[in-house]
Amino acid sequence: MQISSIIRRAVAGVAAASMLVAVAACGTSKDNKTAGGEGGSGTIEVVASINQWGSVAKDLGGSHVDVTNIMTKTNVEAHDYEPTSQDVAKFGTAKVAVVNGADYDPWASKAASATKATLVTAAETAGIKEGDNPHVWFSAKVRNNTADAITAAYQKADPSHKDDYAKLNKEWHAKEDQLESKIKDASAKTKDVPYAATESVAWYLADDLGMKDATPTGYAQASANESEPTPSDIKAFQDTLKGGSIKMLVFNTQEANSTTDQITGAARANVPIVELTEQMPKEYTNLLDWMSALVDQFAKA
């Protein structure tokens, strides 16, 4: 990301907080959902900043929750998302809010923190903070910790169904365990395999697979600092791909640009490419199914 992206994120966060104040002044919404977050149906109103965490929130709440996802499309990334007043209003009526954190969705964190909703911040459940890699849904540890935090929020909001939430949590962990067993099996092939990435979006998954990040230093530092790589950084990346030391390229198609075109162009004749997005694609309704499909892609590349 470029400096303009960082500025947009800061402005979006301030705007989110400002819009929430204005929305709160309007009182309860017309559909009879109270400021406390429970609608007339008795379900817990939940808002998730991004759809992958929203899918986890839904799996853990079942029929007891009504989950609204703010971001659902892969053509706009959360880093640069500018919330509307309608988006912010959804946080104002929620009883539980689930955000990613680590400065990935600051607009959502600010909107949620200004309400009475119980806030679950995925990154914070594993001690991941601003400046760290924010793509935490790719991490098994974060998925597990976030699931437990969401369940605790539900049990606090709706203690009469505490046992139901505990059962749903157990079922979810059983599926996560299956995914982690798959990751362990795949790591027999991927362990110590050197890979490079146009952006470190899947770093946590690659780490769980035992892979080695061999992205050329200059390019990797530019990406981490959200600045443009120099022509020499790009050439070094292209030369490394052509040299054969890198065995896989991970390409975040959600951040495709002229620079990534040069990188993927150099890779196509020399290195397998795993293409992925930051937001969960529409063909998946479940974070764990999406992760499972990506493990297959890594193992086959």
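**From a loop residue to the helix packing of the chain**

D192 is partly exposed, with a relative accessible area of 42%. In this predicted model, D192 sits in the loop that joins α6 to β5 (194-197). Its backbone is also notable: phi of D192 is near 70°, a positive value in a residue other than glycine. D192 comes after helix α6, and that helix is a suitable route into the rest of the structure.

Before following α6, the overall frame may be set out. The chain has 301 residues, and buried residues make up 50% of them. Its secondary structure comes to 11 helices and 8 strands. Among contacts with a separation of 6 or more, 65% are between residues 24 or more positions apart.

Helix α6 covers residues 162-190. With 29 residues at 1.5 Å a residue, α6 should span 42 Å, and the 40 Å between its end C-alpha atoms agrees with that expectation. The buried residues of α6 are Y165, L168, N169, W172, H173, E176, L179, I183, A186, S187 and T190. An α-helix has 3.6 residues a turn, so residues three or four places apart point the same way. The elements against which the buried residues of α6 pack are β1 (44-50), α2, α5 (140-157), α7 (203-208) and α11. E171 also belongs to α6, but E171 counts as partly exposed because its relative accessibility is 39%, between the 20% and 50% limits.

One of these partners, α2, deserves separate treatment. Two packed helices are described by the angle between their axes and the distance between the axes. For α2 (residues 51-61) and α6, the angle is about 125° and the axes are 7 Å apart. The two helices are therefore oblique to each other. On the α2 side the contact is made by V56, D59, L60 and G61, and on the α6 side by Y165, L168, N169 and W172. Sorted by class, the residues of this contact are 5 nonpolar, 2 polar and 1 charged. The pairing also brings together distant parts of the sequence: E171 and L60 are 111 residues apart along the chain, yet their C-alpha atoms are separated by 8.5 Å.

Helix α2 is mostly covered, with 9 of its 11 residues buried. The buried set consists of N51, Q52, W53, G54, S55, V56, A57, L60 and G61. The cover over these residues includes β1, β2 (65-71), β3, α5, α6 and α11. After α2 comes G62, whose phi is positive, near 55°.

W53 of α2 leads on to the nonpolar interior. In soluble globular proteins, nonpolar side chains tend to be buried together. Here the largest nonpolar core has 70 residues, and W53, F91, F138, Y154 and F298 are those with the most contacts inside it. Helix α11 (residues 287-300) supplies the largest share of this core, 8 residues. Apart from it lies another core of 11 residues, including A196, I234, I246 and A267. The surroundings of Y154 show how several segments meet: beyond its neighbours within four places in sequence, Y154 is in contact with I44, V46, A57, L60, G61, V65, V96 and Y165.

A second positive phi in a residue other than glycine is found at A102, where the value is near 60°. A102 occupies the loop between β3 (96-99) and α4 (106-113). With a relative accessible area of 11%, A102 is buried, whereas D192 is partly exposed.

The path closes near its starting point, at L209. This residue lies in the loop between α7 and β6 (212-213). L209 and D192 are 17 residues apart along the chain, and their C-alpha atoms are separated by 8.7 Å. L209 is buried, with a relative accessible area of 0%. Leaving aside neighbours within four places in sequence, L209 is in contact with I183, A186, S187, T190, K191, V295 and F298. Among these contacts, I183, A186, S187 and T190 are buried residues of α6, and F298 is one of the residues with the most contacts inside the largest nonpolar core.

Definitions and conventions: Residues numbered from 1 in each chain as written. Predicted model: local features only at pLDDT ≥ 70, side-chain atom pairs only at ≥ 80, totals over all residues. Heavy atoms only, no water. Axes fitted to C-alpha atoms, helices over the stretch in contact; angles between N-to-C directions. Helix = DSSP H or I, 4+ residues; strand = E, 2+ residues; numbered from the N terminus. Parallel < 35°, antiparallel > 145°, perpendicular 65-115°, else oblique. Contact = heavy atoms within 4.5 Å. Nonpolar A, V, L, I, M, F, W, Y, C, P; charged D, E, K, R; others polar. Core = buried A, V, L, I, M, F, W, Y, C linked by side-chain atoms within 4.5 Å. Buried < 20%, exposed > 50% of the residue type's maximum accessible area, 1.4 Å probe, protein only. Expected span 1.5 Å × (residues − 1).
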